[in-house]
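Colleague: I would like to go through the labels given to this model. For each one, please set the value against the cut-off.

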Amino acid sequence: TDGMFQDCRSLSSVNIPDGVASVGNNAFERCFNLQTVNIPNSVTSIGNCAFSGTFSLRTLNLPNSVRSIGANAFNASGITSINIPNSVTSIGEFAFNNTKGLTSVTLPNSVTKLGERIFKQSGLTSITVPGSVKNIEDATCVFCGKLTSVRICEGIKTIGDAAFQDGWTLETVSLPASLEYIDGWAFGNCPNLKIIECNGTTPPDIHSDAFINSDLTGVILYVPKGSEPAYRNAPVWKNFPSIVASPPTAN
C-alpha cells in the first residue's frame, strides 16, 4: 500500500509477507531508523520513493521476481550495498540519487531503461553500463565525485547531456563501437581524464561541448588501428593531442 509506513521513525525491521506483489510508493519513505527489510519472491515492483530517506538502511537483497525499481526509490538513503537481480528491466529517475555510501553496483543485462539522474551525487567509484540499455539518459552520473572509471558496453548508441559531468576523479572511459552520439557536457568538468578508449572505426558524432572544461592535454585517445586519421580530422576528437592505435577490446 502506498505510504503505509511513511515517516514511521521507530520502525527498525520489516518482514514483508509472501504474496505481496509490490512495495508501494512512499512505503518506507523517511523511516530513518529502518535497518533491515526482507522482501519475498512475490514482489515484482519497488515503488516511487519506496525507501527514500531511509538513512539507517545499509544493505538490501532484491528477489529475482522484481522487474522494476521506481523513481527516487532509494533517494538519499543510507544504502551501501544492493543487488539488482537479472529480472529487473527498468530503474526510474533519481533512483539512487545522493546515495553517498553506495560505491559499487552491478547493472544486469536485463535492464533496458535507466532514468535520468539515476546515480546523481552517489558514491560510485566505477560503473559499467550494459548494452541492453541502448541510450544513457541525461545526467546519469552527474556530480559523482568519486567516480574513476566508466565502461559503456557494446550496444549503447547515445550518451545524454551531462551524463558524467563533474566527474572530478574520472580517469578512464571505454566507449563501444556501437556508439553513435555523445551529447553536450557528457564529460564536462572532468579535469583528471587520462584514457579514452573509443572502439568505433568511425568516430561517433559528438557535441562541441561534450568535453568542455576537461583538460585534454595529457589524455590518450585509443582508437582502432587504421582509424587514427579519421579521428584526427573529426570535430572534437581532433582536439585530443595524443591519438593512438590499439586493438579493439571486448566491450
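Modeller: This is a predicted model. I start with strand pairing: β2 is joined to strand β4 (residues 45–46) by two bridges, and the two run parallel.

Colleague: What makes β2 and β4 a pair?

Modeller: A pair needs at least two bridges. Two bridges join β2 to β4, so the definition is met. Within this pairing, V23 stands opposite I46 in β4.

Colleague: Which sheet holds these strands, and what is its order?

Modeller: The sheet is open and has five strands, in the order β2-β4-β6-β8-β9, with parallel pairing.

Colleague: What makes β2 and β9 edge strands?

Modeller: β2 (22–23) and β9 (113–114) each pair on one side only.

Colleague: How many disulfides does a search of the whole structure find?

Modeller: Zero.

Colleague: Why is C31 not counted as bonded to C8?

Modeller: The two sulfur atoms would have to lie within 2.5 Å. The sulfur of C31 is 5.6 Å from that of C8, its closest cysteine sulfur, so the distance is too far for a bond. For C190, the nearest cysteine sulfur is that of C144, 10 Å away, and C190 is in no disulfide.

Colleague: Are C31 and C190 buried or exposed?

Modeller: Buried means under 20% relative accessible area. C31 has 0% and C190 has 0%, so both labels follow from the cut-off.

Colleague: How many aromatic pairs does the search find?

Modeller: The whole structure gives 12. In one of them, the ring centres of F211 and W237 are 6.2 Å apart and the planes are at 65°.

Colleague: Why is that pair of F211 and W237 called edge-to-face?

Modeller: Centres must lie within 6.5 Å, and planes over 60 degrees apart count as edge-to-face. The values of 6.2 Å and 65° satisfy both conditions, so the label holds.

Colleague: Where in the chain do F211 and W237 lie?

Modeller: F211 is in the loop between β17 (205–206) and β18 (220–224), and W237 is in the loop between α1 (228–232) and β19 (242–246). They are 26 residues apart, and the pair links distant parts of the chain. F211, at 6% relative accessibility, counts as buried, as does W237 at 0%.

Colleague: What makes W237 and F240 a stacked pair?

Modeller: Their ring centres are 6.0 Å apart and their planes are at 25°. Planes under 30 degrees apart count as stacked, so this pair qualifies. F240 is buried, and so is W237.

Colleague: Which residues do ring pairs link into a cluster?

Modeller: F5, F28, F51, F74, F96 and F119.

Terms used: Residues are numbered from 1 along each chain as its sequence is written. This is a predicted model: local features need pLDDT of at least 70, side-chain atom pairs count only at pLDDT 80 or more; totals for chains, interfaces and linings use all residues. Side-chain values use heavy atoms; hydrogens and water are left out. Buried means under 20% relative accessible area, exposed over 50%, partly exposed in between (1.4 Å probe, protein chains only). Helices (H or I, at least four residues) and strands (E, at least two) are DSSP runs, numbered from the N terminus.
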